[in-house]
Amino acid sequence: MVIIVTGGAGFIGSNFVFYMLKKHSNYRIVCLDKLTYAGNLSTLASVMDNPNFRFVKLDICDRAGVNQLFEEEKPDVVVNFAAESHVDRSIETPEIFLKTNILGTQVLMDACRQYGIQRYHQVSTDEVYGDLPLNRPDLFFTEETPIHTSSPYSASKAGADLLVMAYHRTYNLPVTISRCSNNYGPYHFPEKLIPLMIANALADKPLPVYGEGLNVRDWLYVEDHCRAIDLIIHKGKVGEVYNVGGHNEMKNIDIVKLICKELGKPESLIVHVEDRKGHDMRYAIDPTKIHTELGWLPETKFEEGIKKTIQWYLEHMEWWQTIISGEYRNYYEKMYGNRAEV
Ligand code: NAD
Ligand code: TYD
């Protein structure tokens, strides 16, 4: 089996590459990644010499390059992680989100049509469902929840999802989609909540919580997400959407306090800053379908996963310190420099 994994130098994609090489030692895994600010070749260092692995630096929007790769590799399966993935960046510069997330998806699916494929899997997000109110803890996102997006990021992911389903219906492309809740774990880029707070806390820097910090996210350890995708590409039904989440809702402020506690840092580092525009209140996945149809359940409890994650960041300081000492500093200054305290 030959699997093309796009975006495999990013957070979830790299974890998926490691998971698949370990689990399926007879598969060939080809990672296609543009190496944007979020992609890091050093993340893949441990598998670069694996004979079952190939890395190709390529933009998913580059039709000729993508076609050539399909010609060379004749993939059985494509798993598309490649995306612009940060909501705050999408609020600043929406265009690249539309280009990569929607048009890039189209280029990949066109190649799948042209060269034939057993499965095209689109890695999507629960954010396509919009948000839920805090005062209705009985409500969850199911696969039937209408698409109702808030940010340019989620709108671009929803656009891609609609296109994937259109290619299935119109061209009979064998597709599946997974919509997962917030992931955390090793190699998470330090612009996102959990790694940003770990990095700042370790440097005794302010911990910028948007607004009151009451927004709720449904956190899943990244390896559980990888296992879900592996199951879906092997056993999931073509044309179907699977929600992935582990019923682990946490308020942002509680996560930040927990990180302070684990690192022995004072909560006085927490600063409440100007809220994100259009900030979604609550995400919460109903994972009944993937549980009943494919037998998936999360294996890592949050208390254990967050400890493992913090430990990983302590043991891999060089990985994230290299990132935050580069272009990231300009990003941080731009995003947080003028953010008023509230
Ligand atoms: P990430 O930003 O860490 O990684 C994205 C990767 O895609 C990077 O390696 C980047 O170089 C690559 N990339 C970006 N544009 C590209 C292009 N045009 N061509 C080729 N490669 C390109 O993102 P992530 O957090 O690992 O998310 C991966 C996928 O999972 C995304 O599609 C995202 O929407 C989805 N997702 C993420 C989460 C989460 O909590 N992080 C939750 C649900 C779904
Ligand atoms: P993030 O990790 O960007 O993921 P998403 O927006 O896709 O859910 O943010 C998670 C939550 O943390 C979200 O409610 C915004 C909030 N947040 C902060 O309060 N401060 C920060 O510096 C960041 C990056 C996020």
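A polar contact here is a pair of N or O atoms within 3.5 Å. The views below come from a predicted model.

**View 1. Polar contacts hold to ligand 1 from backbone and side chain alike.** An oxygen atom of ligand 1 sits 3.1 Å from a polar backbone atom of Phe81. The backbone of Gly10 also takes part, with a polar atom 2.9 Å from a ligand 1 oxygen. Ser85 uses its side chain: a polar atom there is 2.6 Å from an oxygen atom of ligand 1. The protein buries 97% of the 840 Å² that ligand 1 exposes when taken alone.

**View 2. The shell around ligand 1 numbers 28 residues.** The closest are Ile12, Asp33, Ser85, Tyr153 and Lys157. Three elements give two or more residues to this shell: α1 (11–23), β5 (119–125) and α5 (152–171). Strand β5 gives the most, with 3 residues. By class, the shell has 13 nonpolar, 11 polar and 4 charged residues.

**View 3. Ligand 2 has a shell of 19 residues.** Glu127, Arg217, Arg276, His279 and Tyr336 are the closest. Of these, His279 places a polar side-chain atom 2.7 Å from an oxygen atom of ligand 2. Asn252 likewise offers a polar side-chain atom, 2.8 Å from a ligand 2 oxygen. Tyr210 contributes from its backbone, where an N or O atom lies 2.8 Å from an oxygen atom of ligand 2. Taken alone, ligand 2 exposes 510 Å², and the protein buries 97% of that. Elements α6 (193–202) and β8 (207–210) give two or more residues to the shell. The shell divides by class into 9 nonpolar, 5 polar and 5 charged residues.

**View 4. The largest pocket has a lining with 8 charged residues.** The space in this pocket is about 270 Å³. Its charged lining residues include Asp88, Glu92, Glu274, Asp275, Arg276 and Lys277. Ile91, Met335 and Asn338 also line the pocket. By class, the lining has 2 nonpolar residues and 1 polar residue beside the 8 charged ones. Helices α3 (87–92) and α12 (328–336) give two or more residues to the lining. The most come from α3, with 3 residues. Arg276 lines this pocket and is also among the closest residues to ligand 2.

**View 5. The second largest cavity has no charged residue in its lining.** The structure holds 2 cavities of 30 Å³ or more. The second largest has a volume of about 30 Å³. Ala9, Gly10, Phe11, Ala38, Asn40, Thr43, Tyr187, Phe189 and Trp319 line this cavity. By class, 6 of these residues are nonpolar and 3 are polar. Gly10 appears in this lining and also makes a backbone contact with ligand 1.

**View 6. Phe18 and Tyr187 form a tilted aromatic pair.** The model has 20 aromatic pairs. In this one, the ring centres are 5.9 Å apart and the planes meet at 55°, so the pair counts as tilted. The pair links distant parts of the chain, 169 residues apart. Phe18 belongs to helix α1, whereas Tyr187 sits in the loop between β7 (183–184) and α6. Tyr187 is also one of the residues that line the second largest cavity.

Notes:
Residues are numbered from 1 along each chain as its sequence is written. Chains are lettered from A and ligands numbered from 1 in the order in which they are written. This is a predicted model: local features need pLDDT of at least 70, side-chain atom pairs count only at pLDDT 80 or more; totals for chains, interfaces and linings use all residues. Side-chain values use heavy atoms; hydrogens and water are left out. A residue is near a molecule or strand if one of its heavy atoms lies within 4 Å of it. A polar contact is a pair of N or O atoms within 3.5 Å; within protein, one must be able to donate a hydrogen and the other to accept it, and residues adjacent in sequence count only if both atoms are side-chain atoms. Accessible areas come from the Shrake-Rupley method with a 1.4 Å probe; for residues, only the protein chains shown count as cover. Helices (H or I, at least four residues) and strands (E, at least two) are DSSP runs, numbered from the N terminus. On a 1 Å grid over the protein atoms alone, a cavity is a set of points where a 1.4 Å probe fits but cannot get out, and a pocket is an open set with protein on both sides within 12 Å along at least five of seven lines; lining residues have an atom within 4 Å of a point. Grid points are joined across faces, edges and corners, and a volume is the space filled by probe spheres set on the points. Rings of Phe, Tyr and Trp (its six-membered ring) pair if their centres lie within 6.5 Å; planes under 30 degrees apart count as stacked, over 60 as edge-to-face and the rest as tilted.
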